[in-house]
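Trainee: I've got a model open and a pile of terms I'd like to pin down. Can we go through them together?

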Amino acid sequence: MRARVPLLSVVAAGVASCGGGPPSPPALAYRLPSETEVSYAVHDTVIVGIEMLGQSLNIEVGSAALYGVSFARADDGVRVTLSVEDLAAQITVPMAGPMTFDEGIVSGDLVFTIDRRGDATILSTPEVDEAGGQLLLPLQIAHAFFPGLPGEAVPVGSTWVDTVSFTEAGDSGGSQVSILEYLLVGDTLVEGRSLQRITLRGTMEVSQTMRMQGVEAEQSTDVELQGHVLWDAQRGLMFERETRASGQGTVTVGPLPAPLPTRLEGRMGARVVESQG
């Protein structure tokens with residue numbers, strides 16, 4: 001189901017130096033020297049602790065996926081076509097059996113464009129079945145998988161702020177608002193390739209409705225994020241992203257009279273595993 005196109009804004013605080021001296025650094029922006037295809041190995045682990053009747057119950061969510069992504073040139077940016085080629089995921093709920101999911105929960109590709117700074121415009125979304133809708137959120141992938149960038153050349157030590165807001169459609173959808181500050185640390189060498197290391201930190205507010213074992217739950221969480229991105233300036237694409245999350249919130253479960261306090265700990269990552277073209 002299609003959702004409204006959200007508003008994203010990126011504010012570049014670093015300014016490239018001018019005049020004489022060494023050559024200007026390459027633009028830190030979404031641009032393509034040539035069309036390319038890559039695969040990202042994606043992993044997510046999240047534990048949500050619920051305090052109820054003096055006990056702490058943990059809901060554990062874990063997944064490993066392979067995304068096939070093709071990048072093509074677009075006006076002032078890049079056109080992205082993303083397919084879920086492989087998925088192994090599990091949600092474990094106390095006092096209930098684990099729920100498992102594979103790539104069969106999704107049909108079709110996610111297609112969107114991103115401008116030089118990472119502002120996304122959705123062109124088409126895949127079909128995700130009802131059970132998998134609480135695990136795989138297409139708009140979250142389009143707007144949060146890739147980092148926000150300044151869209152121009154900036155020197156080492158520059159910072160910029162990326163604000164992302166979107167709302168998923170459907171019964172299992174939710175809303176997300178994140179404010180992340182990025183810092184360009186400098187170059188690093190990985191597998192013989194020179195990459196730009198960027199650190200990130202910030203906050204995220206998440207609201208989501210979930211259905212597990214026939215019970216509806218509405219969750220609201222305030223999250224703190226920190227991590228890093230490795231950016232391949234030569235190819236104009238993300239090589240790696242690692243993010244750690246921690247937060248607190250509440251969950252309202254159908255038959256219970258009052259919201260229950262929750263805590264969240266998670267780790268999310270993605271890394272290029274192969275490329276062609």
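Mentor: Sure. Start with contact, which means heavy atoms within 4.5 Å. Keep in mind that this is a predicted model.

Trainee: What share of the contacts with a separation of 6 or more comes from residues 24 or more positions apart?

Mentor: That share is 63% in this protein.

Trainee: And what makes strand 7 and strand 8 a pair?

Mentor: Pairing takes at least two bridges, and four bridges join strand 7 (residues 110–115) to strand 8 (residues 120–124), so they count as paired. The two run antiparallel, with isoleucine 114 opposite alanine 120 in strand 8.

Trainee: What links strand 7 and strand 8 in the hairpin?

Mentor: Four residues lie between them, and glycine 118 in that turn has a positive phi of about 105 degrees.

Trainee: How many residues are in the largest nonpolar core, and which touch the most other members?

Mentor: There are 67 residues in that core, and Tyr40, Tyr67, Phe71 and Phe146 touch the most other members. Strand 4 (residues 77–92) gives the most to this core, with seven residues.

Trainee: Why can phenylalanine 146 be called buried?

Mentor: Phe146 belongs to the core, and a nonpolar core is a set of buried residues; buried means under 20% relative accessible area, so Phe146 has to fall below that cut-off.

Trainee: Which residues is phenylalanine 146 in contact with, leaving aside neighbours within four places in sequence?

Mentor: Tyr30, Tyr40, Val69, Phe71, Val80, Phe112, Met238 and Arg241. Across the whole protein, 46% of the 277 residues count as buried.

How values were computed. Residues numbered from 1 in each chain as written. Predicted model: local features only at pLDDT ≥ 70, side-chain atom pairs only at ≥ 80, totals over all residues. Heavy atoms only, no water. Core = buried A, V, L, I, M, F, W, Y, C linked by side-chain atoms within 4.5 Å. Buried < 20%, exposed > 50% of the residue type's maximum accessible area, 1.4 Å probe, protein only.
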